[in-house]
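Work through the following exercises with the sequence and the three-dimensional structure side by side. Each task is followed by a solution that proceeds step by step.

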Amino acid sequence: MRTDVSPQQLQQLQQSQRPAFDLARFAETRLEEGKDLDDLHAELSQQLRQVRRELHSLIDLRYEDFLGLSSSVARIDTTISDIRQPLADLSGRISEVHAELASKLEQVDARIAHRQAVRDKKHTLQLFIDLSQLLDRVSAVLNEAEQQLLLAADSVGALADYLKSLERAAGEFSQARYFIEKGGAYPFVVQAAERMQAQEERLHTALDAFLATRIDEYAKAQRSGRPEADSAQMGLLAQCLRTYTTVGEYERAEALIRERLVRPVVTETFGGQAGKGMGLEPAIFSSMLDHVLDFIRRVGAPLAHGIDAHLPSCAATLEARVFWREISSAILSALPLLFVPGMPDRFHKNYQSACEFVRQFSALFSGAATARGYLCPDLLASDESYIEFHRKWQLSAYFSIRKKQLTDAIDLANKQSEPAVLDQAAVDAVMAELGLSTQLGARAMWAIRRCWAADVYLEPLASRFWQLTIQIVSWYHHSASDALRLLIRSRNSSSAGANGSPTTTEESATVDQLLAHIHDMLALKKLCVDHIDRIQPLLPASPKTSDAPLPPSTRSTALAASLRDAISQAFAPSEDAATGAIDHISTTIVAASCANLASQLRRTTSQFRHTNRAAPKSPSAFVSKLFGELSAVELKLSSQQHTLALLRAGVCLGISREVAKVSADALSTISKTEASLHRLRKTNRPPYHQASHVDHSDDLPVPPGVDLRGSTPVSDNDKIRRQIWLDVIETGRIITESLNSATHEDYARLVQLIAPLGT
């Protein structure tokens, strides 16, 4: 059955792309919409009918296409059947051609491999021929060289020709060695290697004999005092060394030079020492080094420079790998205990002698003296023998011994042993030299100076000695602070026992000890900073030099500045403790000076109360006595201006504060008394001079309306006020003019407040 479909329906069918139907999603959606199974069945049935209608419409639309497809399929089967056989035939022919080509290629590969094998064999044969010819030439050249040596008669020209022959033989020998390495394990190569070994022995024998003869003659000439060998002789040695280099045996030449030239001298110098160098006398070790240095100056350096003129860079090699290696090896083997700091004084001197030896040793080879700070010149820095020599010096152990010596010497609490390095005479000498007042400060400064003394300090240990300096400062701070606390506690106890009046001889001695510790705590900082300025040339560019083999090229002032800052920080706690002790002494002096101040003012009141005495014109006598305690202490601090200034400032502030407080209380008491009398009488007080009315207040030092300026006091109270004003002003004058100090802010306010009581 065929139905007609309109173009519009066809377009809708073509555009309709329905996705795969999801039954679960469809049922879930309908369930959410509230539909039951009957509604769902009806909807599905309608959907089924719609799909069938669309299918029928599609079949009707594409009917002719379906028919054409069926007929086309039938024709395709026929076409495939027609071309299948030709394709099968073609595939067979291709397989045959492929097999034939593979066979041909295998034959070609075989021929190529055969030709390559022939070429390899030809190359090997040519290598054998070349190797044989090389060995023949080496043998011929060696024979020729031997003949030349027999006819040389020690003439420089003939010897030069002889060396040229050996050098030519060395070049041929190097090529022969290369061919043997490339020749493999063929019997001919093995035989050639044996033949080459014999020729190598002949070449080595000839070179060794020539070099040994030249070295022995050179050493003999130098020992006999004859002039240095001429340039031709140095040229022969350089040419011989170059021949050693050609055959890769330069180390053999170095060993021969060490054995024939250097070893006899250093063995004679360092050998046979008893004790393996333990506690070796510095003078003996220094003389050994001087003897070796003299040998280097007369023999070694001229040889190195003479050869270097013909063979550049040879001097540095001879310096490090011939002369230095033999010298360091002899010292290490003959004097192994030299590097142990069992006797630190000798160890220090021996180390310094070694430093100086290496500096001069390097200067001889470099041609100019260089300023190096410690044991490590530049030319030897990378040599293993020098690095080992440097490490052998037990610097850490040396520092530990020095540290224990210094700490035991200054630590009085250490009762293990009495240090011999610091006796009472040494302490007294330091105190007299530096103007210190306590043994504690003198011991600390002695230890700090010893850290950087020429017979103790070693530059590779700069950072450690600097740390020890800071530790000594810290030790001094704790010890001095403990001493201050004990003295203050003792002083407080004695003051309490004496009813607050510490005037005994024991009290005076305690004050003297306090002042001595305060002076040293403030003085040591400047002494240490000054000492840093003096030792600045000893300081390296960096504080970390103990582990670095290379020396600093310059001295750094920045490091000295940082050390000064570190010293300032280290002494900051001591300065604080000293300041606290000064405050304590100031407080004590103020308390003693002002203990009777209130009774003195009461005596002033009684002098003018109902006595009809004339108005006062001068301050009371007790005012100048307020500074008697300070004057007594100042006599002890005549040479300690900084401590004196701090103490004076504290005492003046305290006395002026107490005078202001007591005077203000006395004036307020007068005002309160007047106010009370006024209330009892209930009558007006007679006017003060030109004032017609006075307002009496209970707590003001100067009541409103009271103004004594330009007049003479008449009443008793005004006379008392004038006397108190005179005493307050005199106190300020003594502080500012005589003592050149400052008053307390309470005093300044009081002076401004009682200005109406003045003249």
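**Exercise 1: a pair within one helix**

R749 and D746 are 3 residues apart in helix 24 (residues 745-753), and they are therefore separated by about one helical turn. The model is a predicted one, and the exercises should be read with that in mind.

Task: Determine what interaction R749 forms with D746, and state how accessible each partner is.

Solution. Begin with the separation along the helix: an α-helix has 3.6 residues a turn, so residues three or four places apart point the same way. Next, take the closest N and O atoms of R749 and D746, which are 2.1 Å apart. A salt bridge requires a side-chain nitrogen of Lys or Arg within 4 Å of a carboxyl oxygen of Asp or Glu, and R749 and D746 do form a salt bridge. Finally, consider exposure: R749 has a relative accessible area of 48% and is partly exposed, while D746, with 28%, is also partly exposed.

**Exercise 2: salt bridges elsewhere**

Task: State how many salt bridges a search of the whole structure finds, and then describe the pair formed by E167 and R242.

Solution. The search of the whole structure finds 32 salt bridges. One of them joins E167 to R242, with the closest N and O atoms 3.4 Å apart. This pair links distant parts of the chain, since E167 belongs to helix 5 (residues 156-183) and R242 to helix 7 (residues 231-246), 75 residues apart. Because its relative accessible area is 23%, E167 is partly exposed; R242 is likewise partly exposed, with a value of 32%.

Task: Describe how the side chains of D707 and R709 meet, and identify which residues are linked with E254 in a network of salt bridges.

Solution. The side chains of D707 and R709 meet in a salt bridge with an N to O distance of 2.9 Å. D707 counts as partly exposed at 41% relative accessibility, and R709 is partly exposed with a relative accessible area of 45%. In the network of salt bridges, E254 is linked with E251 and R321.

**Exercise 3: two surface patches**

Task: Characterise the surface patch that contains K104 and the surface patch that contains L67.

Solution. Start with K104, which lies in helix 4 (residues 63-152) and is partly exposed, its relative accessible area being 46%. On the surface, K104 gathers with R111, R115 and R119 in a patch of positive charge. Turn then to L67, which is also placed in helix 4 and counts as partly exposed at 47% relative accessibility. Together with L55, I59 and Y63, L67 forms a nonpolar patch on the surface, with about 370 Å² of accessible area together. Helix 3 (37-61) and helix 4 each supply at least two residues of this nonpolar patch.

**Exercise 4: the buried side of a helix**

Task: Which residues of helix 21 (residues 628-636) are buried, and how are they arranged around the axis?

Solution. The buried residues of helix 21 are L630, V633 and E634. They cover an arc of only 105 degrees around the axis, and therefore lie on the same side of helix 21.

**Exercise 5: a separation between two residues**

Task: Locate A209 and give the separation of its C-alpha atom from that of L256.

Solution. A209 is found in helix 6 (residues 187-223), where A209 counts as partly exposed at 40% relative accessibility. Although A209 and L256 are 47 residues apart along the chain, their C-alpha atoms are separated by 10.0 Å.

Technical notes:
Residues are numbered from 1 along each chain as its sequence is written. This is a predicted model: local features need pLDDT of at least 70, side-chain atom pairs count only at pLDDT 80 or more; totals for chains, interfaces and linings use all residues. Side-chain values use heavy atoms; hydrogens and water are left out. Patches are made of residues with over 30% relative accessible area and no salt bridge: like charges are joined within 9 Å, nonpolar side chains (Val, Leu, Ile, Met, Phe, Trp, Tyr) within 5 Å. Accessible areas come from the Shrake-Rupley method with a 1.4 Å probe; for residues, only the protein chains shown count as cover. Lys and Arg count as positive and Asp and Glu as negative; His and the chain ends are not counted. The place of a charge is taken as NZ of Lys, CZ of Arg, CG of Asp or CD of Glu. Helices (H or I, at least four residues) and strands (E, at least two) are DSSP runs, numbered from the N terminus. Buried means under 20% relative accessible area, exposed over 50%, partly exposed in between (1.4 Å probe, protein chains only). The arc is that of the directions from the helix axis to the C-beta atoms.
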